[in-house]
Amino acid sequence: MKIEDNERKIELAEQQGKAFSEALDYMKNMDNHAEKTVDDYIISLASEEAEGTYQLKNGKLEWHVPKKEFNTHLEIVVRDKKDKRFIPGLNIKAKVFNEKDELVVEKDCPFLWHPFLYHYGAMFEIPKEGKYTVEVSFPAPEFHRHDEIKGKRYEKGVQVKIPIEMETGREPHGPE
């Protein structure tokens, strides 16, 4: 019974990863994207126009448009290399470098709940559309891991540079 139970758990985790990856693939068809595998992680980037978000203020959700100077939104998805599931609870920082390897912007990228694709990300300003390199870094996650065998993952943090074509613009937000 224990072996069957373990196999079922692995199957369910892989099904979750497959469903999440299908959503990620859909997003990749909509936006500029890049991806790199590092140790236990698959790191995916997407660049799109700046967009608004709901934010909780005094116990109520309020719609916030991005600051007027923000012209891009960077999305970062970190998945498990084995089962492809989203990895929550990461403390992600992103540095964006231009083609001359000059730092353009550095941002913390918090978790962003999205109706179809969990991700980390931030809005910011870049000088123009074009080729950039994004350095993504995060320490090893501090959350506890179940399972004496399959749970031994994510011992290291990441610092990786990923080239990506970034776009500029702003999603329509109504009156600003």
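Here is a quick tour of the two sheets and the nonpolar core in this predicted model.

## The five-stranded sheet

Let's start with the sheet that holds β1. It is open, has five strands and runs in the order β1-β2-β5-β9-β8, with antiparallel pairing. At the edges you'll find β1 (32-38) and β8 (111-112); each has a single partner strand, so one side of each is left without a neighbour in the sheet.

For β1, that partner is β2, which covers residues 41-48, and seven bridges join the antiparallel pair. If you want a spot to check in the viewer, try A34, whose bridge partner in β2 is L45.

## The four-stranded sheet

The other open sheet to look at has four strands, ordered β7-β6-β10-β11, again with antiparallel pairing. Here β7 (103-109) and β11 take the edge positions, and since each has a single partner strand, one side of each lacks a neighbour in the sheet. Ignoring direction, neighbouring strands of this sheet are turned by 20° against each other on average.

Six bridges hold the antiparallel pairing of β7 with β6 (residues 92-97). Within that pair, I92 has C109 in β7 as its bridge partner.

## The nonpolar core

Now for the core. The largest nonpolar one counts 37 residues, and I43 and I76 have the most contacts inside it. Strand β11 (residues 158-166) is the top contributor, giving five residues.

What does I43 touch, leaving aside its neighbours within four places in sequence? Its contacts include A34, E35, K36 and V38, then I76, V77 and V78, and further along V136, F138, V158, V160 and I162.

Methods
Residues are numbered from 1 along each chain as its sequence is written. This is a predicted model: local features need pLDDT of at least 70, side-chain atom pairs count only at pLDDT 80 or more; totals for chains, interfaces and linings use all residues. Side-chain values use heavy atoms; hydrogens and water are left out. A nonpolar core is a set of buried Ala, Val, Leu, Ile, Met, Phe, Trp, Tyr and Cys residues joined through side-chain atoms within 4.5 Å. Buried means under 20% relative accessible area, exposed over 50%, partly exposed in between (1.4 Å probe, protein chains only). Helices (H or I, at least four residues) and strands (E, at least two) are DSSP runs, numbered from the N terminus. Contact means heavy atoms within 4.5 Å. Two strands pair if DSSP finds at least two bridges between them. Axes are lines fitted to C-alpha atoms, for helices over the stretch in contact, and angles run from 0 to 180 degrees between N-to-C directions.
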